[in-house]
Amino acid sequence: MKKAALMILALVLCMNMSGCLGAVQADDYIYVVGIGFDKGSQYRFNVTFLVQKDVSGSEQTSTGGAEIISAEGDTLFDAITVLSAGVPFRINFSRVNTFFFGEEVARSGRIKELSNITFNALKIRQSVKLMVCLGTAQRLMQGLCLKDVPNITKLQFSVFHDYTAEGITVITNYARMLESIRGQRSDPVMMLGGVDVSAVKKQRSLEEEMTGAGAKSEEKGEEQEKQEEQEEYTTDGVRRLGGMSPYIAGTALFDGWYMKGTLSGYDTMFLLLGRGELKKGGLKVQHNEEWAVLYIKDEKPPRVKLTLSGVPRAKVELEMACNIVKYRGEARSDEWESGLQQTAEQLISNEMARVFNICRELNSDAFGFGEYASTQFSDIVSWEGYDWKSKYPLMEAEFSVKLELADENVTTRLE
């Protein structure tokens, strides 16, 4: 009976939200562009929706009619039921761009419970991106709103820039996560986000300096903070929320469905190198009591030789293009040949080995070595019988790097 009820609910939601049945004015819709999942207080999940009402023509304003709304439920459909009862619009999910997972949800493995979401019913694309939020997803999503304007467009640009131009974050979508876990050939990685709480303290300190009020100003600040924490309700169980400053940098590491740890933005660059995905990254290299800043990127896919007899061992060879963008000290054309190249290559090799050890200790095959191991088996039964994840904690990896200077002008500087 429970399954039948859920199927009926899904059908009703599909009819009400897809907009396929009947003629409806564009203004009758609100569009969900992001969904966040945190642990609920009364039900399993507290689901946060970043929504925007469709506004066109002369009615469009700087606010865009956007807001954050949350509701609790044991499933996503339960939360949607509460949401649909609390807003006077039809809800459209075709523009959902990102799923935000709170840290507690990610670490507890509850993401698995969301893996059976009926995407077709909600019109959500499986290319939706995934992010783990340090703390709660709701708090980070609050930061995406500034005067009720969702900065989801800025978020997309920032993520793409940080991935392609800086190499400090990863990009993973829902389909790739499922393929990684169910194929048992690697573990998923997700971009990592958080909230800059220092912004509130800085603003409060600035106000105190301007007023010179000291403790009196602090008391006013506390009263104001209490007022800001009060939530505006649209209906019972549906709260309107709004915003602080978010940031995105680093990687959330998983062992199957369970988040086990994180990598910094700097460490993420070496993870991307090993995965053959680094578009560009900056590296500071100490050489001859001076330092140089290099831009590096994967020139060719990594060459991986993996042996499975006994303890798994991998030899990884990488070829990378390199530009020197800044050099402190006397700029000499022979600096590259006189030792800077070897210093940089050794640094990259050491850092990749260090990051691999971090992943291995967390039992997270973030580098995807299981992909190479699986090619040595002729069928799925043999591969599953090998039980890669039981061997992975013993794995050894050796990295060798070759840098090729991409610019003849060694002293190239960025304006």
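Gln184 sits in the loop that runs between helix 7 (174-183) and strand 9 (189-195). This is a predicted model, and Gln184 is a good place to start looking around it. The phi angle of Gln184 is near 55°, a positive value in a residue other than glycine. Most residues other than glycine have a negative phi. From this loop, the tour below moves on to a second positive phi, then to salt bridges, and ends at Met395.

**Two positive phi angles**

- Gln184 counts as partly exposed, because its relative accessibility is 44%.
- Asp387 also has a positive phi, near 60°, and is a residue other than glycine.
- You will find Asp387 in the loop between helix 13 (380-386) and helix 14 (388-391).
- With a relative accessible area of 40%, Asp387 is partly exposed.
- Along the sequence, Asp387 and Gln184 are 203 residues apart, yet in space their C-alpha atoms are 8.9 Å apart.

**A salt bridge between distant parts of the chain**

- The model has 14 salt bridges in total.
- One of them pairs Asp187 with Lys389, where the closest N and O atoms are 2.8 Å apart.
- This pair links distant parts of the chain, with Asp187 in the loop between helix 7 and strand 9 and Lys389 in helix 14, 202 residues apart.
- Is Asp187 buried or exposed? Asp187 is buried, because its relative accessible area is 5% and buried means under 20%.
- Its partner Lys389 is partly exposed, with a relative accessible area of 24%.
- The loop between helix 7 and strand 9 is thus a place to revisit, since it holds Gln184 as well as Asp187.

**More salt bridges, and a network**

- Glu277 and Arg275 form a salt bridge through their side chains, at 3.4 Å from N to O.
- Glu277 counts as buried, because its relative accessibility is 13%.
- Another salt bridge brings together the side chains of Glu319 and Arg303, at 3.2 Å from N to O.
- Glu319 belongs to strand 17 (residues 313-327) and Arg303 to strand 16 (residues 303-307), so this pair ties together parts that are 16 residues apart in sequence.
- Both partners count as partly exposed: Glu319 has a relative accessibility of 22%, and Arg303 has one of 41%.
- Lys300, Arg303, Glu317 and Glu319 are joined into one network by salt bridges that share partners.

**Met395 and its surroundings**

- Met395 lies in the loop between helix 14 and strand 18 (396-405).
- How accessible is Met395, and is it buried or exposed? Met395 counts as buried, because its relative accessibility is 0%.
- Val311 is 84 residues away from Met395 along the chain, while the C-alpha atoms of the two are separated by 6.0 Å.
- Leaving aside residues up to four places away in sequence, Met395 touches Leu306, Val311, Pro312, Ala314, Phe356, Arg360, Phe369 and Trp388.
- Val311 therefore appears twice here, because it is a contact of Met395 within 4.5 Å between heavy atoms and also the residue whose C-alpha separation is given above.

Technical notes:
Residues are numbered from 1 along each chain as its sequence is written. This is a predicted model: local features need pLDDT of at least 70, side-chain atom pairs count only at pLDDT 80 or more; totals for chains, interfaces and linings use all residues. Side-chain values use heavy atoms; hydrogens and water are left out. Helices (H or I, at least four residues) and strands (E, at least two) are DSSP runs, numbered from the N terminus. Buried means under 20% relative accessible area, exposed over 50%, partly exposed in between (1.4 Å probe, protein chains only). A salt bridge is a side-chain nitrogen of Lys or Arg within 4 Å of a carboxyl oxygen of Asp or Glu.
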